[in-house]
Amino acid sequence: MAKTGKPSLEDIARASGVSKMTVSRVLRGASGFSDDTRDKVMAEVKRLDYVPNRLAAAFGATGASTLVGVSVPRLTSVLFGQVLDGADRALSRMGFQTMIGSHHHSPQDEAHWLRSIFSWRPAGVILSGRQHTLEAVDLIKSAAVPIVEIWDLNTSPIDMSVGFSHFDSGYEMGQFLVQRGYRKIGYVGALAGVPSVGSRRLDGFKAALQAAAVPLSGAEIVHDNPGFYAGFYGLEVLLARHSGLDAVYFNNDEMAIGGIAYARANGITVPGDLGIAGWGGMEASSILPQRLTTTVVPATNIGTEAAKGLVARLRGEASTDVVVLATRLAPGETV
């Protein structure tokens, strides 16, 4: 036992009959050992009441950092929760730990987070989005660690990019609604005045309508985060300002579900009186009486692929600078 009276990593290794490195890998959630070994080590951890030194655990036996910073716009987002889950699970399996932060759709907040995270000397960083301040770019270049930009695909990334085109996603839905015969189409969005990928989906959506000589008949972009109630009152305001709409495209599925709730509360049949389409393929849409027409996105897989690419770069293994993941338009019963 150490002089402090607290058990050390060496004590756990000695009691378990394994090496110190094996104990370290077990505690980091890495692989490369049997279930029996893991159980034996964890039994000694519990018996000796061992509390890991997280700061020391952030560095491997070679002194290399095992921390990976991951930044997303909002921690309350369902889809970004899936991205984080995919990244964290993959990184944990490969012996790395995540340090999670959010930038609230603000490039300035992202730069502030980067300055903080780089003080911990991370092995690499995963960033959601491709718009960065000059300060952030300078910090990234100075850090000289692998960087993965995720979510909105960047074909000319700082280092690596994993995602899909939000513009193309919106364009595809615009084409679909036109093909279904809709001509008086509106849009309900969120985060008014904030640079977000939702605006790029709207750009793609409008481009598809314009290509078919169908102008966007009205748009209501609320200041709130995208959510059920934002969709509810967003549709209320949109219909009050623009009469005769026959279809509405929403920023995401939660907003679309809110819109459906408003329609039903006011005697508007869906899709008889009004077609409704969402985006994201969120779980909540799967329990609706009618299947929501939406775009299914590979949120979890984005996190997984970003983690794998970053670690491959760290290990000097073959990696791809740009990874394009497919989305899928899922026709439902609401248009």
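Two strands pair if DSSP finds at least two bridges between them. In this predicted model, the bridge partner of D152 in β5 is F164. This contact belongs to the pairing of β4 with β5, which run parallel and are joined by five bridges.

**The sheet**

Both strands are part of an open sheet of six strands, paired in parallel in the order β2-β1-β3-β4-β5-β11. The edge positions are taken by β2 (97–102) and β11 (322–324); each has a single partner strand, so one side of each is left without a neighbour in the sheet. From one strand to the next, the twist averages 15 degrees.

Three of the pairings are listed below, with one residue pair from each.

| Strands | Bridges | Direction | Residue pair |
|---|---|---|---|
| β3 and β4 | four | parallel | V125 and I147 |
| β4 and β5 | five | parallel | D152 and F164 |
| β5 and β11 | three | parallel | G163 and V324 |

Strand β3 covers residues 124–128 and strand β4 residues 147–152. Within this pairing, V125 stands opposite I147 in β4. On the side of β5 that faces β11, G163 stands opposite V324.

**Strand β5**

In a regular strand the side chains alternate between the two faces of the sheet. In β5, M160, V162 and F164 point one way, while S161 and G163 point the other way. Five of the five residues of β5 are buried, and the strand is described as mostly covered.

**Aromatic pairs**

A pair of aromatic rings is described by the distance of the centres and the angle of the planes. Ten aromatic pairs are found in a search of the whole structure. One of them is F164 with W279: the ring centres are 6.3 Å apart and the planes stand at 40 degrees, so the pair is tilted. This pair links distant parts of the chain, with F164 in strand β5 (residues 160–164) and W279 in the loop between β9 (275–277) and β10 (294–296), 115 residues apart.

Are the two partners buried or exposed? The cut-off for buried is under 20% relative accessible area. F164 has 3% relative accessibility and therefore counts as buried. W279, also at 3%, counts as buried too. Ring pairs join both residues with F80 and W151 in a cluster.

**The second largest pocket**

Rolling a probe the size of a water molecule over the atoms shows where empty space is left. The second largest pocket holds about 450 Å³ of space. Its lining consists of 30 residues, and P73, F80, H105, S196 and V197 lie nearest its centre. F80 is thus named here as well as in the aromatic cluster.

Three helices, α5 (78–93), α6 (107–118) and α9 (197–211), each supply at least two residues of the lining. The largest share, four residues, comes from α9. By class, the lining has twelve nonpolar, twelve polar and six charged residues.

**A contact outside the sheet pairings**

V270 has its place in the loop between α11 (253–265) and β9. With 12% relative accessibility, V270 counts as buried. V270 and V335 are 65 residues apart in sequence, yet 7.4 Å apart in space from C-alpha to C-alpha.

Key:
Residues are numbered from 1 along each chain as its sequence is written. This is a predicted model: local features need pLDDT of at least 70, side-chain atom pairs count only at pLDDT 80 or more; totals for chains, interfaces and linings use all residues. Side-chain values use heavy atoms; hydrogens and water are left out. Axes are lines fitted to C-alpha atoms, for helices over the stretch in contact, and angles run from 0 to 180 degrees between N-to-C directions. On a 1 Å grid over the protein atoms alone, a cavity is a set of points where a 1.4 Å probe fits but cannot get out, and a pocket is an open set with protein on both sides within 12 Å along at least five of seven lines; lining residues have an atom within 4 Å of a point. Grid points are joined across faces, edges and corners, and a volume is the space filled by probe spheres set on the points. Ala, Val, Leu, Ile, Met, Phe, Trp, Tyr, Cys and Pro count as nonpolar, Asp, Glu, Lys and Arg as charged, and the others, Gly among them, as polar. Rings of Phe, Tyr and Trp (its six-membered ring) pair if their centres lie within 6.5 Å; planes under 30 degrees apart count as stacked, over 60 as edge-to-face and the rest as tilted. Buried means under 20% relative accessible area, exposed over 50%, partly exposed in between (1.4 Å probe, protein chains only).
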